[in-house]
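Biologist: I have a fold open on my screen and I'd like to learn how to read it. Could you take me through it feature by feature?

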Amino acid sequence: MAAAPHGERSLSDSKSALTKTENSGVDAELAKPPQTPALPPFPEGGLQAWLTVLGGSMILFCTFGAVQSFGVYQAYYSSHYLPQYVASDISWIGSMQTFLLFAGGLFAGKLFDEGYFHHCIGAGSLIYLFSIFMLSLAKPHQYYQIFLAQGVGMGIGMGLLFLPAISVTSHYFRRRRAAAMGVVLAGSSLGAVIYSIMLNNLFNGSAGFGWGVRAAGFIDLGLLGIANLVMKTRLPSRRQRPDAKPVDIKAILSDFGYWLCVIGAALTFWGLFVPFFYLQVFSEEHGLSKNIGFYAIPIMNASSVFGRTIPNFLGDLVGPFNVMIPCTVISGGLLFLMFAATDLGGTIAFGILYGLFSGGCITPFVISFALLTGNLIAGAVVQVHGSYIWLCSLLAGAACLTASQSMLLKGKNTSRL
């Protein structure tokens, strides 16, 4: 057989080499791990960002605002609707509601991460509204009706609403995140002021309990409806990022500094909400007029509007721990004043100062268990002689938080923590 010309052989070899090079290039590309798409930069503002903040404020107005005004229900149940029950039994209702608000974040947070934000706040809104209108139908002396509607039903609805309403703010803000969340949290204080004054006057006026609760329900219907329409997520969910780095649960659970922070927060919240439940009852039991009792909780909640916002703005500048720990220590010291506030001046002074400084504390999931028990025990304590156990719990919480901060500072070259 005749040999192929040299020119043809060279051309054939060149094509073969080119084909191998292309194939190896394709194989190399296929062998590369898929790249996670870069997250878009944070806008730090804009129309949709502030609409989402507004919607979050509306949700906290309805949910956490109701928690902070539970003292009105506590006083009314003790004197009219459930007079045969002691204070600690009645506080089970508010404690269960608050427990479910925070504990629900365990499930709502997972749904939020998976991209079910609107499903979560939509379902939470429906459950919450259904439960509050059921509460308006509850009859006097029927403890189980009130407990199921207000403690369980409203609590479950709050649990689905609360954490997503706060978390979605982080989609739009990074540098000013604490300040934006402070604006969202201020909605709870504003709601508590309005609900406390409105419900006190309606419950003890011609409207009565049923229509008083319905009035709050109609306000909630409007605000939750608007919030569901204006709030939007911005960042891709975990479902849309299947190659995203998984959360290292083992590393978190083995972090001693983290556990000190959790224990400190739990100890803090074991006593932090006692005045929000009992200040009105406590002032009335010490002979102050009903008008002063009616406005004791609104005064404290009005002050906490500044307590929710100013510490968060400072947190962006000097670090959240550097703000939270002093607020916790001062709140613990101020609890002395609650047991000494048996006259007009003392009650008003305590309400203003406690509302201002207690707003600078944090709210993680584990504190829900502290909230479930702390207010119940306080019912018996306040009803008898008073005690400084709540001062001890807040100061112990502050000590744990300080130790946690010190451990975290060792691993970070910064003082803004």
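**Reading the fold, helix by helix**

Modeller: Let's begin with one helix. H16 covers residues 344–358, so to speak a run of 15 residues, and spans 21 Å between its first and last C-alpha, close to the 21 Å expected at 1.5 Å a residue. Keep in mind that this is a predicted model.

Biologist: Which residues of H16 are buried?

Modeller: Thr347, Phe350, Gly351, Tyr354, Gly355 and Ser358 are. Looking down the axis of H16, you find these buried residues within an arc of 115°, so they line one face of the helix.

Biologist: Why would residues that are not next to each other in sequence point the same way?

Modeller: The general idea is that an α-helix has 3.6 residues a turn, so residues three or four places apart point the same way.

Biologist: Let me try that on another helix. Which residues of H6 are buried?

Modeller: In H6, residues 105–113, they are Gly105, Ala108, Gly109 and Phe112. Down the axis of H6 the buried residues fall within an arc of 100°, so here too they line one face. The face turned away from that buried side carries the exposed residues Leu106 and Phe107.

Biologist: What covers the buried residues of H6?

Modeller: The cover includes H5, helix H7 (117–135) and helix H8 (143–167). Look also at Gly115, which follows H6 and has a positive phi, near 95°.

Biologist: Let's zoom out. How many helices and strands does the protein have?

Modeller: There are 18 helices and zero strands. Of its 417 residues, 50% count as buried. The accessible surface comes to about 19,100 Å², and carbon and sulfur atoms make up 69% of that.

Biologist: How do I read contacts between parts of the chain that are far apart in sequence?

Modeller: Start with the overall share. Among contacts with a separation of 6 or more, 85% are between residues 24 or more positions apart. Then pick single residues. Phe269, in helix H12 (residues 256–272), is one to try: its C-alpha is 9.7 Å from that of Thr328, 59 residues apart along the chain. Phe269 counts as buried because its relative accessible area is 3%.

Biologist: And Glu44, where does that residue lie?

Modeller: Glu44 is in the loop between helix H1 (6–31) and helix H2 (47–62). The C-alpha atoms of Glu44 and His171 are 9.3 Å apart, with their positions 127 residues apart along the chain. Leaving out residues up to four places away in sequence, Glu44 touches Tyr172, Phe173, Arg174, Arg175 and Arg176.

Biologist: Is Glu44 buried or exposed?

Modeller: Buried, because its relative accessibility is 14% and the cut-off for buried is under 20%.

Biologist: Which residues does a buried glutamine touch here?

Modeller: Take Gln74, in helix H4 (residues 70–81). Its relative accessible area is 0%, so Gln74 is buried. Beyond its neighbours within four places in sequence, Gln74 is in contact with Ala87, Ile90, Ser91, Phe277, Tyr278 and Val281. The C-alpha atoms of Gln74 and Gly94, 20 residues apart along the chain, are separated by 8.2 Å.

Then there is Gln97, which sits in helix H5 (residues 87–103). Gln97 is buried too, with a relative accessible area of 1%. Not counting residues up to four places away, Gln97 touches Val67, Gln150, Gly151, Met154, Gly155 and Met158.

Biologist: What about charged side chains?

Modeller: Side chains of opposite charge can pair when their charged atoms come close. Searching the whole structure gives one salt bridge. The side chains of Glu114 and Lys110 meet in a salt bridge, at 3.2 Å from N to O. Glu114 counts as buried because its relative accessibility is 17%.

Biologist: Last one: which residues form the nonpolar patch on the surface?

Modeller: Phe306, Ile310, Leu314, Leu317, Val318 and Leu356 do, with about 530 Å² of accessible area together. Helix H14 (residues 290–318) gives the largest share, five residues. Leu317 has its place in H14, and Leu317 counts as exposed because its relative accessibility is 59%, where the cut-off for exposed is over 50%.

Technical notes:
Residues numbered from 1 in each chain as written. Predicted model: local features only at pLDDT ≥ 70, side-chain atom pairs only at ≥ 80, totals over all residues. Heavy atoms only, no water. Patch = residues over 30% accessible without salt bridge, like charges linked within 9 Å, V, L, I, M, F, W, Y side chains within 5 Å. Areas by Shrake-Rupley, 256 points an atom, 1.4 Å probe, with all protein chains shown as cover. Salt bridge = Lys/Arg side-chain N within 4 Å of Asp/Glu carboxyl O. Helix = DSSP H or I, 4+ residues; strand = E, 2+ residues; numbered from the N terminus. Buried < 20%, exposed > 50% of the residue type's maximum accessible area, 1.4 Å probe, protein only. Expected span 1.5 Å × (residues − 1). Arc of directions from axis to C-beta. Contact = heavy atoms within 4.5 Å.
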